[in-house]
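Me: I'd like to go through this model with you, a piece at a time. Could you start with how the elements are named?

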Amino acid sequence: MKREVRMRAEDTEGVESGAAAIEWGSDALAELLRRLGLRFVALVPGSSYRGLHDSLVNYNGNRDPRLLVCLHEEHAVAIAHGYAKVTGDPMAVAVHSNVGLMHASMAVYNAYCDRVPMLIIGATGPVDAARRRPWIDWIHTSADQGALIRPYCKWDDQPASVEAALDSLAQAYSITRAAPSAPAYVCLDVSLQEQPLAAPPAIPDTRRDRSPRSHGPDAAAVKAARELLGEARRPLFLLGRLGRDKRDWDRRVALAERCGALVISDLKNGAVFPTRHRLHPSPPGIFLPVTSARLIGAADLILSLDWVDLAGTLAAAAGHGYPAVARIISCTTDSALRNGWSKDSFGHQPVDLSVPADPDLLVRALLESGVPVRPADWPTDWPTDWPTAGGAPAPAPAEGIGRDISMHDLAGALSTALAGTPACLIRLPLGWDGGDLEAGHPLDYLGQDGGAGLGSGPGMAVGAALALDGSGRLPVAVLGDGDFLMGGTALWTAAHYRVPLLVVVANNSSFHNDVVHQERMAAKRGRPVRNSWIGQAIADPDPDLPAFARSLGFRAAGQVTDLAALPAALAEAVAAVRAGHCVLVDVRTRPDGYPAPGG
Ligand SMILES: Cc1ncc(C[n+]2csc(CCOP(=O)(O)OP(=O)(O)O)c2C)c(N)n1
Ligand SMILES: [Mg+2]
């Protein structure tokens with residue numbers, strides 16, 4: 001892929017190439033971060049890491065890693081999250097002591113639940129109380145800062161010397177990258193950062209840390225899985241948290257075709273299988289669609305590849321009237337991360353074969369092991385009344401008709417505006433119908449935020465756009481107005497660094513997901529459903545999203561309220577983003593057709 005990165009450059013070109021010698025503790029740390037190959041540090045500055053900040057700029061020359069200024073620590077983490085969704089690689093994030101990490105914490109939880117790597121660098125006022133400045137160093141020091149995020153962080157450390165900090169950062173980098181990935185946090189005492197060094201310390205040899213990030217299944221597991229697949233008449237693959245590599249994608253398709261398996265995917269995760277493939281008959285959903293429940297009930301073998309909440313999904317299928325009777329193979333390494341604090345490891349699902357390995361390496365091993373080849377007219381044993389492909393594309397809106405805009409209309413208009421332009425749907429709002437998603441490549445759609453922590457969308461959009469910059473793929477995030485307004489100032493970072501990005505806000509002037517919940521509560525209790533908007537409306541005043549976006553450096557025309565005006569507004573926006581601009585389109589959407597949340 002040709003990369004023409006258009007990022008602004010004066011904060012690197014204006015800086016000399018860096019200091020010649022390691023003179024301070026933080027110089028050594030900056031040297032290590034450079035050698036680790038980190039390209040960016042997303043940050044909100046703070047005096048607790050002023051030593052490291054100085055070294056990143058004046059020792060490293062603000063290059064690899066380069067500072068990315070953010071307006072909120074939650075955005076800094078969300079940017080690293082979005083970046084990791086595209087690249088699979090960790091970005092560094094720097095957050096101020098105590099308060100910065102507190103701001104970051106929800107986004108860390110999202111990243112943890114989404115199993116993405118990132119290296120979070122924090123700081124603390126001097127642990128040695130005798131060295132604390134009055135007031136500020138005391139309120140920004142805590143006995144155990146890592147405790148703030150330890151339950152949803154893969155590893156954390158607070159080293160007490162420069163040598164230990166070097167070791168700790170190298171270790172954190174290695175740990176966050178190993179599957180299952182999740183953020184790692186290192187808290188650097190200001191004293192060690194600002195310590196003068198008589199001689200440079202030994203920097204860990206980063207070239208030696210090349211171990212594989214995940215491991216394949218053992219031969220016995222492959223044999224057992226192959227036998228179960230060979231015996232199955234109606235195999236069903238549940239494809240969950242899988243990677244962005246196109247070769248892995250092709251192998252999944254090849255395995256499903258060889259086994260005659262049907263496939264279900266999930267809107268919470270990035271695209272993992274062609275949604276319009278004949279073997280993917282049911283649209284992906286955030287909650288299990290009834291068409292997928294039918295497949296689960298009819299299958300005689302389920303192969304779950306790191307599917308999010310297998311037990312809950314099977315319970316949902318049973319709730320729809322389709323209890324699973326299939327034998328089950330579950331391949332995931334996720335149990336390595338579970339600590340019981342958060343219940344993101346979900347319920348226990350008894351399975352017939354558990355394969356604690358990288359699921360895509362199981363797919364590869366099964367293909368190489370000569371898994372049975374089924375005839376092309378397979379599946380012969382499934383009931384015959386399945387739809388043949390994952391739903392019909394949304395119809396393009398008829399021109400010239402003035403009417404309000406449903407989410408389905410927005411999907412159709414966006415797909416028309418993007419026709420012929422390779423794009424990446426970074427995020428879709430909760431009310432998006434999975435049948436409207438047409439994915440034919442792992443970068444066509446990146447999924448949700450893992451922890452369902454609202455406000456993540458804008459930051460993740462910026463991080464993903466940064467990772468996609470120069471790839472030829474147009475970054476597009478469709479966000480709810482609630483999600484957008486909670487995290488909207490994240491957009492400034494994209495505008496500041498000239499990272500092209502299209503943000504479309506599906507604006508229903510409401511936290512509408514919760515209106516649906518209140519409707520359900522009221523109906524169940526025989527109370528007035530008409531009150532369900534109360535406590536949810538984002539109106540009077542209606543936030544002026546285009547004006548807000550313009551104030552952050554985005555281009556934005558007035559709100560689109562009429563379906564007839566939508567195609568031109570989106571076409572114009574797509575053209576501007578292709579030309580390198582950041583654009584927001586505010587679309588007034590009708591809240592009907594919202595899929596029912598579970599429970
Ligand atoms: C931090 C946080 N607060 C509250 C919620 C509960 N919540 C889930 S969806 C939602 C509404 C989302 O509103 P919007 O983004 O506008 O999407 P809409 O439902 O209107 O389509 C809320 C408040 C949450 N998930 N995260
Ligand atoms: Mg809304």
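Reply: Helices (H or I, at least four residues) and strands (E, at least two) are DSSP runs, numbered from the N terminus. This is a predicted model, in which local features need pLDDT of at least 70 and side-chain atom pairs count only at pLDDT 80 or more, while totals for chains, interfaces and linings use all residues. Residues are numbered from 1 along each chain as its sequence is written, chains are lettered from A and ligands numbered from 1 in the order in which they are written, and side-chain values use heavy atoms, with hydrogens and water left out.

Me: OK, where does Pro-65 lie?

Reply: Pro-65 sits in the loop between α3 (50-59) and β2 (66-69), and the peptide bond leading to Pro-65 from Asp-64 is cis, with omega near 10 degrees. Another cis bond runs from Ala-179 to Pro-180, with omega near -10 degrees, and Pro-180 belongs to the loop between α7 (162-177) and β6 (184-189).

Me: And which residue in the loop between β9 and α12 should I look at?

Reply: Asp-309 is in that loop, between β9 (301-305) and α12 (310-319), and its phi is near 65 degrees, a positive value in a residue other than glycine. Most residues other than glycine have a negative phi, and most peptide bonds are trans. Phe-346, in the loop between β10 (327-331) and β11 (353-355), also has a positive phi, of about 65 degrees, although Phe-346 is not a glycine.

Me: Does a class go with the 37% relative accessibility of Phe-346, and if so which?

Reply: Phe-346 counts as partly exposed because its relative accessibility is 37%, where buried means under 20% relative accessible area, exposed over 50% and partly exposed in between (1.4 Å probe, protein chains only). Asp-309, at 23%, counts as partly exposed too.

Me: Switching to the metal: what coordinates the magnesium ion (ligand 2)?

Reply: Asp-481 (OD), Asn-508 (OD1) and Ser-510 (O) coordinate the magnesium ion (ligand 2), at 2.0 to 2.1 Å. Donors are N, O and S atoms within 2.8 Å of the metal (3.2 Å for Na, K and Ca), and water is not among the atoms, so sites may look incomplete.

Me: How are those donor residues spaced in sequence?

Reply: The spacing is D-x26-N-x1-S. Distant parts of the chain are linked here, with Asp-481 in helix α16 (residues 481-487) and Ser-510 in the loop between β14 (501-507) and α18 (512-524), 29 residues apart. Asp-481 and Ser-510 are both buried.

Me: Now helices. At what angle do α4 and α5 pack?

Reply: Helix α4 (residues 73-87) packs on helix α5 (residues 99-113) at about 30 degrees, with the axes 7 Å apart, so α4 is roughly parallel to α5. Axes are lines fitted to C-alpha atoms, for helices over the stretch in contact, and angles run from 0 to 180 degrees between N-to-C directions; those under 35 degrees count as roughly parallel, over 145 as roughly antiparallel, 65 to 115 as roughly perpendicular and the rest as oblique.

Me: What about α9 and α13?

Reply: Helix α9 (residues 219-231) and helix α13 (residues 359-368) pack at about 70 degrees, with their axes 10 Å apart, which means that α9 is roughly perpendicular to α13. Val-222, Ala-225, Arg-226 and Leu-229 in α9 meet Leu-362, Ala-365 and Leu-366 in α13, contact meaning heavy atoms within 4.5 Å.
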